[in-house]
Amino acid sequence: MEKKHYAIIDIGSNTMRLVIYLQEKAGRLREVENVKAVARLRNHLNDNSMLTDDGLTILINTLKSFKEVANTYELTDLICVATATIRQAKNQDSIQQIVEDKLGLHIRILSEKEEAFYGYLAVVNSTSIKEGITVDIGGGSTEITYFRNRKLIESHSFPFGALTLRQFFQKEVPTESESRKLVNYLQEQFNLLPWLKNKTIPLIGIGGSARNLVQVDQSLKNYPLAGLHQYKMSSSDIHQTLKYLSRLTVTELKKVEGLSSDRADIIIPAITVFHCLFQTMTADSFILSRKGLREGVFYEQLSNDFGSILFPNVLEDSIQELINDYDLDPKQILHVQFLTRKLFYEFKEKGIGAIDQEDWVYLKRASYVFNLGNYIDSESSSQHTFYLLANRTIDGLLHRDRLMLALIASFKNKAIFKQYVKPYKSWFTKLERKKLRLLGALLKFVYCMDATKRQVVKDFDLEIKDTSIELTMYCDQDWTPEAYQVEKQKKHLEKAMHTKINVHFLTIHS
């Protein structure tokens, strides 16, 4: 597929951004450039709701700078959108005309409904969450949506944002009384929407304030995995982070690891919004979506190629992207999956290894990307496989599931497995760790059955004896390399299952 670059300029109330995406291979968008400017246009909206001359100058100069960056790419399309501040500006028509005359850019002013919709669209097309409530707090407005079965059910835009809520605090460090007034105000606002009540489902945070909340939480916990997208927090996590930050002055906040200095004065009201909404809903978790309004705009455009605004399977698309990126062999993957599935269900039906149906889900995922680190270096393939899968955003997988995928797909031996899992030991029970090791050993064993990628082993039979498992492999070509690798590596599966495995190779003639 021909490489195409798309650009979007997002004129927000607090920040302005230029993001450039590359569309390649599987058709998904990959961010290749992200330029941010803290314009704070909201502060240049006067009492008559007019954007001042100073505000217009900041807008023009920032857009001019963005255009110069964008011009270094051969763009298929460039879109410029604006949200709350420009939407609320009474002189929006003249703003649009001036920008068009001076820079040749058309500003598309998004309605409240559109802004909320694009946030929802980004979430359902980049996670596997079927039902949830999204919240995107900007500088001048807060958009909330409710979706079920991936379909948008409700949406609302509140006329307050992180910048406007800052007025509840007179000084740098909010008093208890000021914090309580803000909480009461937010509770009153959220209670206006009956559909927010009793929703014990994920609350999905979108936008810069949500990202900063997650970054601070990860820093406080010395979180060992990379990546923010689909990071999960509890109500207690949000409360503890809010409590920690509320004690600090703006100067001290600017030094907090994970918190952008330009958000130091607005992070407290933003996190208060998340915490109040979490409690109003009685949410079961807070999950960050790094994909938001900007991605939503392009997902709508790309829907012409897909025939629907909803991608049919987010996780499958992400795995296909990995297959493309690391030049994995689809023919081998399908063959190994056939053999893996058969061996897994033979074990399951015969009660070997205490495996269940859910384990097949994890094993099947890993079978697509086993040993993908070989693309970088064959000698240290396992290490590269684990690092790449554990630390790369995979749309549709929460962090724990991503780690499980990495542990299974990178399996080399018990010692290396224990080395990989050590920083995350508390994430799994002892039984879960043993299960992951077994699944990894099983997958490695099957890949040895196709060591030369010729699909030599066409089928096999499995027989349980008193002290061993007897496997008979049926091959249509010379099977010497496969036999060597199977004999060499079967010990890992034997150790994981505490059972001797005898393998016999037979040549079949068609």
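This passage looks at one helix, the main nonpolar core and a small sheet in a predicted model. Local features need pLDDT of at least 70 and side-chain atom pairs count only at pLDDT 80 or more, while totals for chains, interfaces and linings use all residues. Residues are numbered from 1 along each chain as its sequence is written, and side-chain values use heavy atoms, leaving out hydrogens and water.

A good place to start is helix H7, residues 208–221 (helices, H or I with at least four residues, and strands, E with at least two, are DSSP runs numbered from the N terminus). Its end C-alpha atoms lie 20 Å apart, which agrees with the 20 Å expected for 14 residues (1.5 Å times one less than the number of residues). Ten of the 14 residues are buried, so H7 is largely enclosed by the rest of the structure (buried means under 20% relative accessible area with a 1.4 Å probe, protein chains only). Among them are Arg 211 and Asp 217. After H7 comes Asn 222, with a positive phi near 50 degrees.

The largest nonpolar core holds 121 residues (buried Ala, Val, Leu, Ile, Met, Phe, Trp, Tyr and Cys joined through side-chain atoms within 4.5 Å). Phe 190, Phe 286, Phe 347 and Met 473 touch the most other members.

Met 473 also leads to the sheet: in E13, Met 473 stands opposite Phe 460. E12 and E13 (residues 468–475) pair in the antiparallel sense over seven bridges (pairing requires at least two DSSP bridges). The open sheet has the order E12-E13-E14, with mixed pairing.

Definitions and conventions:
Buried means under 20% relative accessible area, exposed over 50%, partly exposed in between (1.4 Å probe, protein chains only).
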